[in-house]
Amino acid sequence: MSPLGAGLILQLTLAAIAMVTALTVAPAMRAKATGTLSTLLALAGLVTGVVAMSGATGGILIPVALPMDPLILAPDRLGGLFMVIVSFVGVLVTIFGISSATGPASSRTAWAALPVFLVGMQLVPAATDSVSFLLAWEVMTLGSTVLLMADHASRISVASAGIWYSAMSQLSFFLVLAGFAVMAAATGGTSFATLATIEPGSWAANLAFVLFLLGFGGKAELVPLHVWVPRVLPEAPSHVSAAMSGAMVKIGVYGALLVCVRLLPEAPPWWGILIMILGGASALYGILQASVSSDLKVLLAYSTTENMGLVFLGLGASVLLRSYDATAAADAALIAALLLAVSHAVFKATLFLGAGAIIHATGERNLDHLGGLGSRMPWTALSFGVASLGAAAIPITSGFVAEWMLLQSLIHGGRLDGEVVSVAASVAMPLAVAVIALTAGLALLTFVKAYGIAFLARPRSSAAALAREVPPLMRIALTLGALAVLALGLIPGPVAAVVAATVGPQTALAAVPIGLGGVALPGIGAVLDPIMLVVLSALVAIPILIAIVVSARTHPARVSELPWGGGGSRARPRMQYTATSYAEPLVRVFDDVLKPSRDVQVTHVGESRYLVERVTVEQRVSDVIETRLYRPVLNLLQRYGILARHVANGSIHRYLTYSFVAFLIVLIVVSL
C-alpha cells in the first residue's frame, strides 16, 4: 500500500476510534481521551498532506456497486496543501478544546462530532471524483452542525444560528451538486479527470462555473451568501469557531481553485471579472462591518469575510490575467491567493482561540466590558497581539507577505512588456489595488481597536478586573499559532516556493527563494526580504528605545496627588475609549452603507423638564444585506406559507378533489 493510502486509512481509523471513545468513556476522562485522539487525527492528516505535497501518488478505492466512475481518495499536491491547512488548524483547536470545552460543548455528542468534522474536512481535498467530494462535504457539514448546536437547549440564539447555518450549508451543497451534475451530463462521467474534458466556453461550462462560484462562495463567506457567518461563528464554542473560520471556509477556497485550476482552466475573461467583483465587495463589506463591531467574535467573523474576499480577489485576478496571456502576473496572483489562504488559516484560528481564552477568563466577549487584560493574561495578550499584526498585514507577519505579493501582481498585471494587456485588465487592476489599500487601512484600525480595547488601559468591568491566565494547554495552542504567524512572515521564500509547486510545474517557477528567507517574483521583477526589514526596523527602533530608557532614568516619574482632575487624571474607566466610541467616526463616514440605528433616552430628574439625570445612547449596526435582501424574501415566503396551510385543512372532500384533479392531469399528459 502506498504511503498516501496508509495515511488516509490511519485518519479514518483514528476518527472512528475517537468517536467510539467519546461515546463510551466516562465524562471525567472524555475530554482528555477524545481530545488526544482528535489531535492524533489532525497530526495524521498533517503528515498525509505533506506526503501528497511532495508528489507521492496512491490512495484508497471505495467500492461501489453502481454504474459510475470509481470512488477514489488520492490527494494531489493542491489537495495535500489544503489537507495540511485544515489539519494544522485541527491540531490547534483540539489541544485548545481539551481545556476550554465545558458544559454542552463537552458532551459525548459534541466530542463525537469533532473527529467527524475534522476527518470530513481532510477528505474533501483528497477526493478525485464528484461523488466522494460531495460525500465528504456532507460529513464535514454534519459534524460542524452538531458542534454548533451543542448548546441549543439553553440558548435560543444557538438554535437560530443553527437554522441559518443548515439552510445556507444546504444551499451551497445543492449549488455545488448542480454544478457537478451539469458537467457530468456534458462529459458522461463523475471523475475529475472526465469532468475536465468539458468543452471550454460551452454553455455547460459557463453554467457550471456560475453554480460552482455561488456554491463554493457560500461556504467561503462571500457576499451576499455570508449571512450565516455573524450568527454562527459567535455562537459556536470558541475552538469550533476557530476550526470553522480557520479551516472549514478554506474548503470553499479549495473548491474554487479546483474549478479554476483543474476542471475549467481555460476561462474567458468575464469569469475573472465576476470573481473579482464578488471578492472585492466581500473584502470591503466584511472589514466595514468588522471595524464597527463591539462583539469580539462578530468582529472576527466579519474579518473572515474580508480575508476570503481578498483570496477570491487574487484568484479572479489570476483568471483574468491568464485569459490575456499575462502569465507571470497571473501566477503571482494565484500564489498570493494561496498564501492568503494559508496565512488566514493560521492567524484567524489563533485570534478565535484568543477570543475563546478571553471568554474563558472573563465570560465576556463585548469589548466595551473588557480592558486591562494585558497584565492579567500575558500569554494570551502576546499571542493575540501577534495574530492581530498578521490580520492587519504588518511586516514580518504572514498577512503582510501575502498581501504584498497580491499587490505586486495587480500593479504589474495591467501591462505586458510595456503594452496594455486589455482595457478590462487595465481598469480592473487599479480598482483592485484601491480595494486592497482601503481594506488594509480599515483592518489596521479594526485590530488596533480589538487589541487596545481588550488588553490595554483599565478594566471596564469586574469580570475583566478578576481575569486570570488560561490553563497550560490553551496557552500552548495560542503560542503555536502565534509562532506560525511569525514563521510564515519571516521565511516567505521557502513557503511561497512550496505553495507554488502545488499548482503546477510552470507556476512553481513564479516564486523563487532568495537570501535567508526572502522571495523573488522573477516574472514581474519584485523582491521581498523580511530579514532585511527586521534589520532596518531594529536600526530605527534601537536608538529610540535607548533614548527612552536614558530619559526614564534621568527623569524618574513623580507621583503627586492632584487636588482636582481637570482633564489631567483618568481615574475612571468610563473616561477611556470604548469599542463603540472608537468606531463612531467610521460609523458616521460610512453611514449610507452601514445604515446604523440610534436610540437616545433622556431621563429627567423628578418632574423637571430642564434637569437631566441620565442620557442613554444605544447604537446598533445590523447586516444591511440581511435586512434589505434576505428578510423581505423570508417574510414573503412566510406569508405564502401561511396561505398554503389552508390547502391542507383536514377536509377529506378537499383531499379527494386534489386526487381526482391529479388523476385527470396524468391521463391528459399520458394521452398527449
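This is a short talk about the fold of one protein and a few of its residues.

Hi everyone, and thanks for coming. Before we look around, please keep in mind that the model on the screen is predicted.

Let's start with the whole chain. The protein has 25 helices and nine strands. Its radius of gyration is 27 Å, and the globule rule gives 26 Å for 672 residues, so the protein is as compact as a globular protein of that length. If you draw a box around the C-alpha atoms along the principal axes, that box is roughly 100 × 75 × 60 Å.

What share of the residues counts as buried? For this protein it is 51% of the 672 residues. Now think about contacts with a separation of 6 or more: 77% of them are between residues 24 or more positions apart.

On the outside, the protein exposes about 29,200 Å², and 69% of that comes from carbon and sulfur atoms. As for charges, there are 36 positive and 30 negative ones, and the mean positions of the two groups are 11 Å apart.

Now let's zoom in, beginning with the loop between helix H17, residues 423–455, and helix H18, residues 462–465. Ser461 lies in this loop. Is Ser461 buried or exposed? Its relative accessible area is 18%, and buried means under 20%, so Ser461 is buried. Its side chain reaches the backbone oxygen of His369 at 2.5 Å. Ala457 is also in the loop between H17 and H18. Although Ala457 is not a glycine, it has a positive phi of about 65°.

We find another positive phi at Ala393, near 60°, and again the residue is other than glycine. Ala393 sits between helix H15 (378–391) and helix H16 (398–413), in the loop. With a relative accessible area of 13%, Ala393 is buried.

Next, a peptide bond to look for. Val223 and Pro224 are joined by a cis peptide bond, with omega about 10°. You will find Pro224 in the loop that runs between helix H8 (203–219) and helix H9 (229–235).

My last stop is Val540, in helix H21, which covers residues 530–554. Exposed means over 50%, and Val540 has 54% relative accessibility, so Val540 counts as exposed. How far apart in space are Val540 and Gly215? From C-alpha to C-alpha they are 48 Å apart, and in sequence they are 325 residues apart.

That's my tour. Thanks for listening!

Methods
Residues are numbered from 1 along each chain as its sequence is written. This is a predicted model: local features need pLDDT of at least 70, side-chain atom pairs count only at pLDDT 80 or more; totals for chains, interfaces and linings use all residues. Side-chain values use heavy atoms; hydrogens and water are left out. Helices (H or I, at least four residues) and strands (E, at least two) are DSSP runs, numbered from the N terminus. The radius of gyration is taken over C-alpha atoms; the globule rule is 2.2 Å times the number of residues to the power 0.38. Buried means under 20% relative accessible area, exposed over 50%, partly exposed in between (1.4 Å probe, protein chains only). Contact means heavy atoms within 4.5 Å. Accessible areas come from the Shrake-Rupley method with a 1.4 Å probe; for residues, only the protein chains shown count as cover. Lys and Arg count as positive and Asp and Glu as negative; His and the chain ends are not counted. The place of a charge is taken as NZ of Lys, CZ of Arg, CG of Asp or CD of Glu. A polar contact is a pair of N or O atoms within 3.5 Å; within protein, one must be able to donate a hydrogen and the other to accept it, and residues adjacent in sequence count only if both atoms are side-chain atoms.
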